[in-house]
Amino acid sequence: MNKLDGAREKINRIDKEMAELWTKRMEAVREVSEYKRENGLSVLDSSRESELLSRNLGYVPEELRGCYSEFFGGTLSSSKRYQRELEAKPDGTLRMELGDRSYDIVIRRGSLSEAGKYMKLDRKVLVVTDDGVPAVYAKTVAAQCLGAEVVTLPQGEKTKCLESFRLLLKAMLERGFTRKDCVVAVGGGVIGDLAGFAASAYMRGVDFYNIPTTTLSQIDSSIGGKVAIDLDGYKNTVGAFWQPKLVLIDPDTLSTLDRRQYSSGLAEAVKMCLTSDAELFEIFESGEIDSRLDEIIRRSLMIKKRVVEQDERESGLRKILNFGHTVGHGIETAENGRLMHGECVALGMLPMCSESLRERLRAVLKSLGLPTEITAPIEKIKEAMLHDKKSDEGGVTVVRVDEAGSFRLEKIAFNKLFRQLEEYLTEVRK
Ligand SMILES: NC(=O)c1ccc[n+]([C@@H]2O[C@H](COP(=O)([O-])OP(=O)(O)OC[C@H]3O[C@@H](n4cnc5c(N)ncnc54)[C@H](O)[C@@H]3O)[C@@H](O)[C@H]2O)c1
């Protein structure tokens, strides 16, 4: 081992120890914050911050003090952020922190009938839903508005199109909506994406509230502000970043959802915990999925929230949300509508995991009733992957997971990725 390797080895060891110590520090932060909450004390205390910094500087050599202040500043700000997250917990509300675009994410059973408590509905409201969503959900919301117009569109991805977009804009125009009025989506990701896009465009943007009613939309698509429609069969080609004013999640609405849809949506939660939350993956492994659904929703949203807060416009970290999607999209196109999106993501994650994790993942997917065997012809999958809009010339960035709760990004040439995929298929089809 040369000198450089030796020094890097040392850094790796120290980083590991620091990560373990940092985790312990956060556990203590949690204890302090719980104590303060129980005793009615203010959670954040800036005088203690400067006291801590000046004391710790005494442990650091003079020439490193400038750098240390910067490093410790980061530790303090992550503690504050963690405390804020803990603070949000008692009534089940999370907060997406995006400066002046911040908003609450309410997760509460029965909250649909209290929508007016959380949203400003004493104005003109366009309630958008589809004919697969039980009509009573949109009616419950409409009943809480001063003046609601309910638009019910046909269910399915085809509704995310220019015609529906136009129809919503016209509905607002004809009823004299101004910039002060708002749009409420009551439905899955299709309705959320479409209604959100209409809200982003009408008079250069009106308030948008999202009430997601599918697993996929409750754990994923309703937060983050990506709104869009499809164009000539190309998914999400026309859209915007338009954050909602509030997201209201009532897990009770999932009781009417078809079981296959339910499991397909949960594949996205499995995706998120594999990259970012090993404990959540263990919940899936325990099989206690229905009984711990609220926790699964909350923890998945926490992951997505953190990613969006750091990378609102998808320039870097947000790529981890694409775990399983590169191969998954290829399978989805090759299957030509036979499999649901989440089912394809489930299959797409398998080749991107280490072998030991793959076995555990397979067991979880089976318990959810999701497929575990890729049956589409490899040539069709490859062709579809080459046409994927997220591909760069000659290659693509994929997300790999070797251990639950961690990930690495890898830029890989298509030829190499295809070879690996072929090897994987040969192995599993033996
Ligand atoms: N914006 C984002 O960040 C983001 C992320 C992921 C996916 N998406 C988009 O989400 C869409 C898929 O969303 P989805 O999976 O929710 O599908 P979906 O909106 O089509 O809903 C699935 C089906 O369930 C029905 N349904 C909805 N709620 C129901 C309920 N409570 N009870 C009974 N039936 C109900 C709908 O009528 C529909 O037939 C895609 O268009 C995808 O592009 C967006």
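Start with the whole chain, which is divided into domain 1 (3-87), domain 2 (99-257) and domain 3 (260-429). Keep in mind that this is a predicted model. Colour the three domains separately. Then look at domain 1 and domain 3: their centres, taken over C-alpha atoms, are separated by 33 Å.

**Stop 1: the ligand**

Select the ligand and its surroundings. How many residues surround the ligand? The shell has 29 residues. Label the closest ones: Gly132, Gly188, Gly189, Thr214 and Ser221. Now show the secondary structure. At least two shell residues come from each of α7 (189-201), α8 (215-221), β8 (234-241) and α9 (259-276). Colour the shell by residue type. You will find 15 polar residues, seven nonpolar and seven charged.

**Stop 2: α9 against α13**

Stay with α9 and add helix α13, residues 341-349. Two packed helices are described by the angle between their axes and the distance between the axes. Here the axes come within 7 Å and cross at roughly 35°. Is the crossing left-handed or right-handed? The crossing of α9 and α13 is left-handed.

Next, show the side chains of the contact. On α9, pick Ser264, Gly265, Ala267, Glu268, Lys271 and Leu274. On α13, pick His341, Gly342, Glu343, Val345, Ala346 and Met349. The contact residues of this pair divide into five nonpolar, four polar and three charged.

**Stop 3: around α13**

Hide α9 for a moment and select α13 alone. This helix is mostly covered, with eight of its nine residues buried. Those buried residues are Gly342, Glu343, Cys344, Val345, Ala346, Leu347, Gly348 and Met349. What covers them? Bring back α9 and add α8, α12 (325-335) and α14 (355-367), which are among the elements covering the buried residues of α13.

**Stop 4: two loop residues**

Finish with backbone angles. Most residues other than glycine have a negative phi. Two residues on this stop have positive values instead.

Go to the loop between α7 and β6 (207-212) and select Met203. Its phi is positive, about 50°, although Met203 is not a glycine. Met203 is partly exposed, because 14 other C-beta atoms lie within 10 Å.

Now move to the loop between α12 and α13, where Asn336 is found. Asn336 is not a glycine either, and its phi is near 50°, a positive value. Why does Asn336 count as exposed? Asn336 counts as exposed because it has 10 C-beta neighbours inside 10 Å, and a residue with 12 or fewer is classed that way.

Note on methods. Residues numbered from 1 in each chain as written. Predicted model: local features only at pLDDT ≥ 70, side-chain atom pairs only at ≥ 80, totals over all residues. Near = placed C-beta within 6 Å. Helix = DSSP H or I, 4+ residues; strand = E, 2+ residues; numbered from the N terminus. Nonpolar A, V, L, I, M, F, W, Y, C, P; charged D, E, K, R; others polar. Domains from an automatic or database assignment. Axes fitted to C-alpha atoms, helices over the stretch in contact; angles between N-to-C directions. Left-handed = near helix turned anticlockwise from the far one by under 90°. Contact = placed C-beta atoms within 7 Å. Buried ≥ 20, exposed ≤ 12 C-beta atoms within 10 Å, placed from the backbone.
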